[in-house]
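Me: I have a structure to look at and would like to understand the words people use for it. Could we go through it together?

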Amino acid sequence: MRYYKEINGEIVFFKGNVLYTDEATIVNPNEEQMLAAGWMVYQEPEPTAAEKLQAAKDEKLMQIDTYDASPNVEQFTINGTPMWLNHEVRQQIKTSVEAYAATGAEAVTKIFNGVEYTFPCETWLQMLAALEVYAAEALNVTERHRLNVKALTTQKKVRDYDYTEGYPAKLEF
């Protein structure tokens with residue numbers, strides 16, 4: 001429970017756990033002692049409709065971001081093994097495969113989570129391009145969901161909004 005009093009026209013909240021009065025110093029005062037010392041029980045104001053709507057939107061936006069970063073979106077498979085490569089790693093692999101190809105290599109081996117994958121250079125580049133397009137399209141869906149939620153005007157519409165739909169099919173190589 002929070003306590004407050006008005007001092008010199010300002011609202012001041014009781015902080016700590018020691019109450020000083022003219023008669024005594026009280027550690028961990030109870031409600032009766034606080035009220036006797038002139039402090040009042042602070043009642044949290046009821047949030048406005050606008051505040052409730054914004055809180056619902058903030059919660060839904062957090063859910064969208066969590067979903068976007070989950071295996072529901074950030075996942076593809078190679079030979080049935082699920083994985084994800086972030087943008088930086090995709091670019092590093094692309095640079096590496098292009099370097100191998102430029103030196104005349106026909107195939108490249110990469111190791112992910114202890115498993116070796118060997119594909120022709122052209123196959124690697126096609127897979128990486130497809131993955132880059134998938135990631136860009138998935139991001140567009142996420143951003144569209146974020147815009148849609150921000151435009152909603154009621155808590156019910158926010159609560160009922162399905163942010164899981166519209167994502168591209170996961171890639172399988």
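**What the words rest on**

Reply: Happily! This is a predicted model. In helix 2, the residues that count as buried are Leu-53, Ala-56, Lys-57, Lys-60, Leu-61, Ile-64, Tyr-67 and Asp-68.

Me: What makes the buried residues of helix 2 line one face of the helix?

Reply: Look down the axis of helix 2: the buried residues fall within an arc of 135°, so they line one face. Those residues pack against helix 4 (121-151) and helix 5 (155-160).

Me: How do you know what span to expect for helix 2, residues 49-68?

Reply: Helix 2 has 20 residues. The expected span is 1.5 Å times one less than the number of residues, which gives 28 Å here. From its first C-alpha to its last, helix 2 reaches 28 Å, close to that expectation.

Me: Why is His-145 called buried?

Reply: Buried means under 20% relative accessible area. His-145 has 6%, so it is buried. You will find His-145 in helix 4. Leaving aside neighbours within four places in sequence, His-145 is in contact with Ile-64, Tyr-161, Asp-162, Tyr-163, Glu-165 and Tyr-167.

Me: What does the side chain of His-145 reach at 3.2 Å, and why is that called a polar contact?

Reply: The side chain of His-145 reaches the backbone oxygen of Tyr-163 at that distance. A polar contact needs a pair of N or O atoms within 3.5 Å, so 3.2 Å fits the cut-off.

Me: How many cavities of 30 Å³ or more are there?

Reply: The structure holds one. The largest cavity has a volume of about 40 Å³. Its lining is made by Phe-76, Ile-78, Leu-85, Trp-124, Met-127, Leu-128, Leu-131 and Phe-173. Helix 4 gives the largest share of that lining, four residues, while strand 6 (76-78) also supplies at least two.

Me: Why is Asn-8 called exposed?

Reply: Exposed means over 50% relative accessible area. Asn-8 has 78%, so it is exposed. Asn-8 lies in the loop between strand 1 (3-7) and strand 2 (10-13).

Me: And what is unusual about phi?

Reply: Most residues other than glycine have a negative phi. Asn-8 has a positive phi of about 50° although it is not a glycine. Phi of Asn-79 is also positive, near 50°.

Me: Is Asn-79 buried or exposed?

Reply: Asn-79 has a relative accessible area of 59%, over the 50% cut-off, so it is exposed. Asn-79 sits in the loop between strand 6 and strand 7 (81-83).

Definitions and conventions:
Residues are numbered from 1 along each chain as its sequence is written. This is a predicted model: local features need pLDDT of at least 70, side-chain atom pairs count only at pLDDT 80 or more; totals for chains, interfaces and linings use all residues. Side-chain values use heavy atoms; hydrogens and water are left out. Buried means under 20% relative accessible area, exposed over 50%, partly exposed in between (1.4 Å probe, protein chains only). The arc is that of the directions from the helix axis to the C-beta atoms. Contact means heavy atoms within 4.5 Å. A polar contact is a pair of N or O atoms within 3.5 Å; within protein, one must be able to donate a hydrogen and the other to accept it, and residues adjacent in sequence count only if both atoms are side-chain atoms. On a 1 Å grid over the protein atoms alone, a cavity is a set of points where a 1.4 Å probe fits but cannot get out, and a pocket is an open set with protein on both sides within 12 Å along at least five of seven lines; lining residues have an atom within 4 Å of a point. Grid points are joined across faces, edges and corners, and a volume is the space filled by probe spheres set on the points.
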